[in-house]
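Trainee: I am new to this structure and would like a close look at a single part of it. Could you pick one helix and walk me through how it sits among its surroundings?

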Amino acid sequence: MANSKLQPKDGRFLAVVLLLITLALIYLVGIHWWFVAPHLEIAGQMQELREQQARFSRAIAERPEIEKRVAEVKAYEQGNQAFLSETDPNAASAALIQRLKAAMSDHAKNEARCQNVSTQSYNGGEDELYKRVTVQARLKCDLEPLAAILYDLENGKPYLFVDQVMIYKQQTYTPPGAKTVAVPLDVRFNVSGYLREPGKAAK
């Protein structure tokens with residue numbers, strides 16, 4: 001029974017432990033949350049601000065080089081002949097029609113064998129990075145001049161694109177014994193070009 005009683009050294013040890021616990025509680029409640037924690041939060045915010053300042057300083061230092069590159073890109077775009085020179089879609093449509101007529105004039109010497117039936121602007125299509133201008137064309141033309149016309153359209157400058165090509169062979173009645181006369185093909189296609197103006201996909 002005597003051994004189960006606390007010895008003086010055990011009491012001192014317990015007192016030290018209780019004192020340490022009390023001091024820790026006093027520190028947490030009375031010092032840490034009121035003084036240390038706010039200072040740590042402020043120190044963290046100051047570090048974040050210093051990092052932001054460093055990033056901004058690097059961006060400011062790089063600004064002249066960035067502006068130089070932007071100016072080079074703008075100069076290149078202005079001199080880039082891939083785009084239509086017009087700034088208005090209506091004027092660009094008229095220019096596309098003139099390109100088509102010029103190609104027909106170069107390669108369709110016989111108007112009876114290749115003629116422009118109709119041309120009209122087309123405003124449909126998917127959203128793209130640059131504004132697309134499209135003209136729908138319908139020709140009645142033999143295959144040989146037609147191939148040359150389409151080649152000219154797609155290989156000149158500014159760049160044009162021909163798509164949605166549909167070719168129909170017209171059926172005609174030839175009386176028995178009469179000489180068969182070849183009928184020009186009925187051809188429909190879209191011819192498109194791009195303005196420098198950003199399209200809806202870029203906005």
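Mentor: Here is a walk around helix α3, starting with the whole chain and ending with one of the neighbours of the helix. Keep in mind that this is a predicted model.

Let us begin with the setting. The protein has three helices and four strands, and along the sequence they follow the pattern α-α-β-β-α-β-β. Of its 203 residues, 20% are buried. Among contacts between residues at least 6 apart in sequence, 72% join residues at least 24 apart.

Now to the helix itself. Helix α3 runs over residues 143-155, which makes 13 residues. At 1.5 Å a residue it should span 18 Å, and its end C-alpha atoms are indeed 18 Å apart, so the expected span and the model agree.

Which residues of α3 are buried? They are Pro145, Leu146, Ile149, Leu150 and Leu153. These residues cover an arc of only 135° around the axis, which means that they lie on the same side of α3. The spacing makes sense once you recall a general point: an α-helix has 3.6 residues a turn, so residues three or four places apart point the same way. Turn to the face of α3 directed away from the buried side, and you will find the exposed residues Leu143, Glu144 and Tyr151.

What covers the buried residues of α3? The cover includes helix α2 (89-107) together with the strands β1 (114-122), β2 (130-141), β3 (161-168) and β4 (185-198).

To see one of these neighbours in detail, look at Met104, which lies in helix α2. Met104 has a relative accessible area of 9%, under the 20% cut-off, so it counts as buried. Leaving aside residues up to four places away in sequence, Met104 touches Ile149, one of the buried residues of α3. The other residues that Met104 touches on that count are Cys114, Gln115, Asn116 and Leu139. Gln115 is eleven residues from Met104 along the chain, and their C-alpha atoms are separated by 8.0 Å.

The strands that help cover α3 also appear in another place, the second largest pocket. The elements that each give two or more residues to its lining are β1, β2, β3 and β4. About 160 Å³ of space lies in this pocket, and its lining has three nonpolar, six polar and two charged residues. Among the lining residues are Ser118, Gln136, Met166 and Phe189.

Technical notes
Residues are numbered from 1 along each chain as its sequence is written. This is a predicted model: local features need pLDDT of at least 70, side-chain atom pairs count only at pLDDT 80 or more; totals for chains, interfaces and linings use all residues. Side-chain values use heavy atoms; hydrogens and water are left out. The expected span of a helix is 1.5 Å times one less than its number of residues. Buried means under 20% relative accessible area, exposed over 50%, partly exposed in between (1.4 Å probe, protein chains only). The arc is that of the directions from the helix axis to the C-beta atoms. Contact means heavy atoms within 4.5 Å. On a 1 Å grid over the protein atoms alone, a cavity is a set of points where a 1.4 Å probe fits but cannot get out, and a pocket is an open set with protein on both sides within 12 Å along at least five of seven lines; lining residues have an atom within 4 Å of a point. Grid points are joined across faces, edges and corners, and a volume is the space filled by probe spheres set on the points. Ala, Val, Leu, Ile, Met, Phe, Trp, Tyr, Cys and Pro count as nonpolar, Asp, Glu, Lys and Arg as charged, and the others, Gly among them, as polar.
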